[in-house]
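Notebook open, coffee poured. Here is what I looked up today, entry by entry.

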Amino acid sequence: MEPAPMTAPRRDAPHTPAESALLAHLGRALGSEGLRASALSRATYRRDASFLNADPLAIALPATRDELAVVLRACRDHQVPFTPRAAGTGLAGGATPTGVGGVRPLVVSVARMDRLLELDVVNRRAHVEPGMVNARLGRAVAAKGLRFAPDPASQIAATLGGNVATNAGGIHVLTYGVMSQHVLAVELMDTDGEIHLLDGRLPEQTGLDLRGLSVGGEGTLGIVVGAWLRLLPAPPAIGTLLAGFDTLEAAAATVGALVTSDRLPDAVELMDARAIALVEDYAQAGYPTDAAAVLLLEYEGLAAGVSAGVDTAARLAGEHGATEVVRAADADQRARIWKGRKAVAGAIAQQAPDFFLQDVVVPRSRLGEMLDAVVAIGEREGLIILNVVHAGDGNLHPFVLFDRREEGVLDRVFAAGHDIVTTALALDGTVTGEHGVGIEKRDFLSQVYTADDLAVQQAVRRAMEPSGLANPDKVLPTTVGCQEARMVPEGAWV
Amino acid sequence: MSTSTAPPAELAPVVDAFAAAAAGQRRLVIRGGGSVLDRLPPTDAEVVSTAELTGVIDHRPEDLVVTVRGGTPLQELAALLATHGQECPIEPLAGHGSTVGGRVAAALAGPRQLQAGRVRDWVLRVRMVTGDARVVTAGGVTVKDVTGYDLCRLAAGSWGSLGLLAEITLKLRPIPTQSAWFTTHLPAGRILSTLYRPAAVVSTPTGTFVHLEEHPDDVAAQATVAGLEPAAAPRWPTAARAAVDPARLREVTALAASAGLDHTAFEGVGVCLVDGDADAIATFGDRVVRLGGHLLHLDAGAHGGPARATTTDAMGERVRAALDPHRILLDPRESR
């Protein structure tokens, strides 16, 4: 997406004495490379990959842990909140620098802390800095016959620190699990600049699993300055299958049959007709353009199991009325099949200037109902919505396409997004599967959890991060009990 | 929505017991099947049992998800799941009577953790009665859920120090097509680097045992590659268990051997189980701690002190106080 046009006049708000003191201190400590406060820089860091945006006080770009500690202690001393950030590929506004009570936060980017600190091939683990890009780790370990399983679609840009902070998912979650399962230990820096090693490397804990708590903390519990990640051996065999269907229902029913078959596929992705048409035009992945839906399936592991899995999948797809079943014959064909899936966001840019990407989850058996509901919501709001689904996980990513220059379109986009979420909740699903709560989903938490549930969440947050300065207005609703979820927080512009 | 329904009436006795303990400044310890608790040094804390909280609440085979009450025996759950060709690979470890709640709360590692992952990774949702007598739910019934902080991970391995696990939703998987134990004289390190993701590798003084869970043809092929012979599942000592970084397991195994202890190691997992002279085990435990690990005594009679060395962890203590502000809940590994 292009940077959002300003919908409110830009103003260089005068600094408070605390802000001036903070900026002067950081300017001396970090130099011009490490602190940016110009209008242009601030515009660049207004938003993440969501379209919620707000004006930060400035941007700190520490290159080392010591520099980061200086930044966080300065925030503490001057009582200025901060918004942690890495690549900014988040989709829920978690890295959007919204302030509380009109106070602009400092964006603290860990993008320059991007080293692979240690690759332990024998024990299959890597120690990384937070700014290291996910795909870069993948390439580094592939050379050693290993793989890092979490593979969010944004992996060529998204960082491992961001993956930890959002408990990212990806295409291979079905059998490999979400990010948390691949994080052995987290080094979390608090606002005193102290690093807490939240160590999960021992098989049995002496204390609480604060590692697990910190994964998915969305920058509200401190800043991830390092992580030990679990690596797996690269699978000796991979089988990939593409199946086309006449109806969404048939594709969804096939997913149900696959999930209850005697071997789980490692990846089950679904794309609807609109998504197929868009990516075929853009990436020529070889999808059947007359299909209502395609399933992309992958089995990994030892040869006989993979082969049996692909056979089973082909049979089940056929039994559910697949019009076309293609088995990837080699690595090139496999890459081509996946190219279409990974090209969705790029392809959309050719079609519409803006998109709003939702992230909801329903029990897998409700997938068909949920897909029907999304289609109906799009028709009702007069919006093009295309469905890209981590179907094996019941995790839908409807892309709502629009052009913000169209009068009143945003209201319809928000209404569609809101209805998609409430529909998922009504089907016993949840409001976010892997993108996180950020600010976008924050107020929905009152519909998911009771007041007691949220009170405990708040108490745990305060226990982990007592200063209240780390990404203060994210994740938990500001007013517990708020009935109507707001898509846009106060102070943020779209 | 199931998550925001009123707490079930069956939890009222637990809520009342917790509130009364807070008012009377008494300490409580939570007991599941007793398979672990009964092997720890006794405490003077009052016991709160999950024995009345049993049974499956909701099994959705088509979603690979099951929700059970915390006191449900693991074997009962496993039998039900098996009728659907499904399992949750968190095997009972410490003898008969393990409950789902106890298994999740203690989160002891079994050998299958090598491939199947940790107990905590199979927990999707928990409903717990916290130390401040609130009934709280976290997580959901879908396999992906990042809605709010991940209190499910916090509950797993919390040893009852945060609350009583009243309901647990677990992720399931199909039972592997074939499952078989083998033995070999090759060292465990060779097996781990030769085979693709074996289910378990267990080393004992008499040899290495390998558990394979795969397609039958793959099991046969893997066995041939590594020269494995069919074998019965190994038995392991139970008096104490050392947990260490798996990278240091070999050092720990060597310590156990030199101390004359019977020992078995869960390779790639980092657990070494030992049996033998109580003083030798205590000395072994001190050495394990020096290697960055810890030792859990599971022999109530053999040891008068705490079952593990207590650690100070300010952040963890704050989190514990957030759920149990009156400190009514005892982690049974702690000294009384």
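How far apart do the C-alpha centres of domain 1 of chain B and domain 2 of chain B lie? I got 27 Å for that pair of centres. A note to self before going on: this is a predicted model.

**Entry 1: the domains of chain B**

I looked up the bounds next. Domain 1 of chain B takes in 2–175 + 314–323, and domain 2 covers 178–297. For the contact of these two domains, I found six residues from domain 1 of chain B and eleven residues from domain 2 of chain B. I then sorted the domain 1 side by class and got three nonpolar, two polar and one charged.

**Entry 2: a sheet in chain B**

I traced an open sheet of eight strands in chain B, with antiparallel pairing. I wrote its order down as β13-β10-β12-β11-β15-β16-β14-β17. Which strands are at the edges? They are β13 (229–230) and β17 (294–297) of chain B, and each pairs on one side only.

I picked one pair from this sheet for a check. Strand β10 (residues 178–184) of chain B pairs with strand β12 (residues 207–214) of chain B over seven bridges, in the antiparallel sense. Following W181(B) across to β12(B), I arrived at its bridge partner, H211(B).

**Entry 3: a hairpin and its loop**

I moved on to β3(B) and β4(B), which pair in the antiparallel sense over four bridges. V56(B) has V68(B) of β4(B) opposite it. The hairpin has four residues between the strands, and there I noted L64(B) with a positive phi near 55°.

The loop between β3 (56–60) and β4 (65–69) of chain B also holds E62(B). I counted 15 C-beta neighbours inside 10 Å for E62(B), so this residue goes down as partly exposed. What does E62(B) touch, leaving out residues up to four places away in sequence? My list reads G256(A), V259(A), T260(A), R364(A) and S365(A). I also took a C-alpha to C-alpha distance from E62(B) to R197(B): 27 Å in space, with their positions 135 residues apart in sequence.

**Entry 4: where chain B meets chain A**

Those contacts sent me to the chain pair. I found 70 residues of chain B in contact with 70 residues of chain A. On the chain B side, the elements giving two or more residues are β7 (135–139), α5 (151–155), β9 (173–174), α7 (216–226) and α10 (314–323). Which of them gives the largest share? That is α10(B), with eight residues. By class, I split the chain B side into 29 nonpolar, 21 polar and 20 charged.

**Entry 5: chain A**

For chain A, I copied four domains from the assignment: domain 1 (17–109), domain 2 (116–233), domain 3 (237–345) and domain 4 (352–426). The C-alpha centres of domain 1 and domain 4 of chain A are separated by 32 Å.

Last, I looked at two helices. The axes of α1 (residues 17–34) and α3 (residues 65–78) of chain A come within 9 Å and cross at roughly 175°. I therefore wrote α1(A) down as roughly antiparallel to α3(A). The residues that meet include L22(A), H25(A) and L26(A) in α1(A), and V70(A), V71(A) and C75(A) in α3(A). I sorted the residues of this contact too: ten nonpolar, three polar and one charged.

Methods. Residues numbered from 1 in each chain as written. Chains lettered and ligands numbered in written order. Predicted model: local features only at pLDDT ≥ 70, side-chain atom pairs only at ≥ 80, totals over all residues. Axes fitted to C-alpha atoms, helices over the stretch in contact; angles between N-to-C directions. Parallel < 35°, antiparallel > 145°, perpendicular 65-115°, else oblique. Contact = placed C-beta atoms within 7 Å. Nonpolar A, V, L, I, M, F, W, Y, C, P; charged D, E, K, R; others polar. Buried ≥ 20, exposed ≤ 12 C-beta atoms within 10 Å, placed from the backbone. Pairing = 2+ DSSP bridges. Domains from an automatic or database assignment.
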